[in-house]
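User: Could you take a close look at one part of this model for me, the open sheet that comes earlier along the chain, and then walk me outward from there? Keep it casual, but stick to what the coordinates show.

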Amino acid sequence: MRSEHVSVGKNGVKLVPSGNARGRNLAGNRKEILSVLFRYPASSVSRLAREMKLTHNTVKWHLAALLRREFINEERFDNRSVYYPVNFVDRQEIQMLSVLNDEEAGSIFCYVFNNAGKSQKEIKEALKLTQNTAGYFLRKLAHAGLLEEKQDGKFKFYYPSENFMRKFYERSRRNSEVISHFISKLRSEGYEVNETYTDDGFCILNFRYRRLEEKMLISLNPFRNIVQRN
């Protein structure tokens, strides 16, 4: 089995593979972390650790490897690092998703998306939130350009923003670009790649390197995963 060692630089943990690692580092937990980032780009280490049921250090170790191999990028928002696949989302989408990936903010947005025109009181009661919690996240979602407030008398009512809806429906136009870039990257790592599209905004990639065969389900519209969350 190929060995790896870790060195620590000024930017944190760096993975330094020993031997020829081309094409052999996208499997197991590392592949699954990348798959999660396709579903929920702009995720933090904490979010990935929750999704994967791994320790923070293990997640950081795999993220360092994915950063080194240029499968993912890292950005800073709200004093924390978030991660996303290269060429998958633009900067405005990263800002939106970094807010939506918060569990409470995402739940509130999902409720408003599916129940547009509700007041803060109705949202609070439906989701069993305190007044302060509901107010905080509604303001945060509005500030991020995800929700619009409409005043009617002394009450405010909430709707998904036109900007969000435009982003939501424009995602399909980028599908071929996203997949082409990722396939090109895999091939540059020495993989043979076959792709299969499904009918519901997903792409299945089958890739192989020597005797190693892997499959990855890629969600092409990360906003859909937010608005369809339970």
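Analyst: The sheet is an open one, with three strands in the order E5-E7-E6 and antiparallel pairing. Before going further, keep in mind that this is a predicted model. The edges are taken by E5 (118-119) and E6 (147-152), and since each of these has a single partner strand, one side of each is left without a neighbour in the sheet. In general, strands in a sheet pair up through backbone hydrogen bonds, in a parallel or an antiparallel way.

Take the E5 side to begin with. Two bridges tie E5 to E7 (residues 155-160), and the two strands run antiparallel. If you want a residue to click on, try Ser-119: its bridge partner in E7 is Phe-157.

Now the other side. E6 is joined to E7 by six bridges, again antiparallel. Two of the pairings to look at: Leu-147 has Pro-160 as its bridge partner in E7, and Glu-148 is partnered by Tyr-159 of E7. E6 and E7 form a hairpin with two residues between the strands, and Gly-153 in that hairpin takes a positive phi near 70°.

What lies across this sheet? Helix H5 (residues 103-114) does, lying across E5, E6 and E7 and running at about 90° to E7.

While you're in this area, have a look at Gln-120, which sits in helix H6 (residues 120-127). Its C-alpha atom is separated by 8.2 Å from that of Phe-155, although the two residues are 35 apart along the chain. Leaving out residues up to four places away in sequence, Gln-120 touches Gln-131, Ala-134, Gly-135, Leu-138, Lys-156 and Tyr-158.

Moving outward, there is another open sheet of three strands, ordered E8-E9-E10 with antiparallel pairing. Its edge strands are E8 (192-197) and E10 (212-219); each has a single partner strand, so one side of each lacks a neighbour in the sheet. On average, neighbouring strands here are turned by 20° against each other, direction ignored. Eight bridges join E9 (residues 202-209) to E10, and these two run antiparallel. One pair to pick out is Phe-202, which stands opposite Ser-219 in E10. Helix H1 packs on this sheet, touching E9 and E10, with a direction that makes about 15° with that of E10. Helix H9 lies across E8, E9 and E10, and runs at about 160° to E8.

H1 is also your way into the helices. The axes of H1 (residues 28-39) and H3 (residues 56-68) come within 10 Å and cross at roughly 80°, so the two helices are roughly perpendicular to each other. On the H1 side, the contact is made by Asn-29, Arg-30, Ile-33, Leu-34 and Leu-37, while H3 brings Val-59, Trp-61, His-62, Leu-63, Ala-65 and Leu-66. Sorted by type, the residues of this contact come out as eight nonpolar, two polar and one charged.

H3 meets helix H2 (residues 45-52) as well: their axes come within 9 Å and cross at roughly 110°. That angle makes H2 roughly perpendicular to H3. Here Val-45, Ser-46, Leu-48 and Ala-49 of H2 meet His-56, Val-59, Lys-60 and Leu-63 of H3. The residues of the H2 contact with H3 split into five nonpolar, two polar and one charged. Val-59 and Leu-63 are worth a click, as H3 uses them in the contact with H1 and in the one with H2.

Last stop, the inside. How many cavities of 30 Å³ or more does the structure hold? Just one, and the volume of the largest cavity is about 60 Å³. Its lining is made up of Phe-38, Glu-70, Phe-71, Pro-85, Val-86, Phe-88, Val-178, His-181, Phe-182 and Lys-185. By type, those lining residues are seven nonpolar, one polar and two charged. Helix H9 (residues 175-188) gives the most to the lining, with four residues. So H9 turns up in two places on this walk: lying across E8, E9 and E10, and lining the largest cavity.

Note on methods:
Residues numbered from 1 in each chain as written. Predicted model: local features only at pLDDT ≥ 70, side-chain atom pairs only at ≥ 80, totals over all residues. Heavy atoms only, no water. Pairing = 2+ DSSP bridges. Contact = heavy atoms within 4.5 Å. Axes fitted to C-alpha atoms, helices over the stretch in contact; angles between N-to-C directions. Parallel < 35°, antiparallel > 145°, perpendicular 65-115°, else oblique. Nonpolar A, V, L, I, M, F, W, Y, C, P; charged D, E, K, R; others polar. 1 Å grid on protein atoms, 1.4 Å probe; cavity = no way out; pocket = protein on both sides within 12 Å on 5 of 7 lines; lining within 4 Å. Points joined across faces, edges and corners; volume = space filled by probe spheres on them.
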